[in-house]
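Let's go through the terms used for this fold and check each one against its definition. Happy to take them one at a time.

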Amino acid sequence: MSGLRDLDPNLQSEIEKPELRPFLGVHIDLPDPVFAVTGNATIAYGGETWSAIGGLGQIDTVGEGTDGSATGVKATLYQVPSEFRDDIADQAVRGCIYELYVGALDPSYREVIGFKNIWKGRLDTYDIVDAGETITVTAGGESRMRDQRRPAIKRFTDWWQQRRYPGDLGFQYVSRMVEVPILWAKSKQDAVL
């Protein structure tokens, strides 16, 4: 096969065989991380347990626009038990890591032969459709390339600094500096405090 970019040699050789047992995987880095794969068997890979959900349902095409602009991607998880509805809604955090994978399994459908990250971005949107006993969750992600046209707004305040570097006191007194008078050299200086 030609045109395969950066594939694991084991995955590439498996793809070239006449029989293939593929799977798709989704990782969403929520406080309680989601590791889900298509199929009916839970697999262990990369130190994580990937839960079988029967089928992802749908994954949008991963790619770029014709003008080179970044496009988002959506993955739909079907038949998720409805007991997870509130858990998912409470944990969904816009901006957390969102990844899509493709891989191949051995004949027992338990061992991973090859694995490839096909898309990495951030969680942008999510929709939950309640169907009674099960729910359907659609998670939309966006690429970092979308940030190229967004202005980078940074605030030089203690609050902003604490978000980025907890415990750093570099901007602790910035808000007070607005009201501090600057005394220039003159014959008599009276502090106005």
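Q: Which residue stands opposite His27 in β2?
A: Phe35 in β2 stands opposite His27. This is a predicted model, where local features need pLDDT of at least 70, side-chain atom pairs count only at pLDDT 80 or more, and totals for chains, interfaces and linings use all residues. Residues are numbered from 1 along each chain as its sequence is written, and side-chain values use heavy atoms, with hydrogens and water left out.

Q: What makes β1 and β2 a pair?
A: Strands (E runs in DSSP, at least two residues, numbered from the N terminus) pair if DSSP finds at least two bridges between them. β1 and β2 have four bridges, in the antiparallel sense, so they pair. They form a hairpin, with five residues between them.

Q: How do you know that β2 and β4 pair too?
A: Two bridges join β2 and β4 in the parallel sense, so the requirement of at least two is met. Ala36 stands opposite Ser51 in β4.

Q: Why is the set with Ile28 and Trp119 called a nonpolar core?
A: Such a core is a set of buried (under 20% relative accessible area, 1.4 Å probe, protein chains only) Ala, Val, Leu, Ile, Met, Phe, Trp, Tyr and Cys residues joined through side-chain atoms within 4.5 Å. The largest one here has 11 residues, including Val26, Ile28, Cys96, Tyr98 and Trp119, so its members are buried and joined in that way. Elements giving two or more residues to this core are β1, β6, β7 and β8. Apart from it lies another core, of nine residues, Phe35 and Val37 among them.

Note on methods: Buried < 20%, exposed > 50% of the residue type's maximum accessible area, 1.4 Å probe, protein only.
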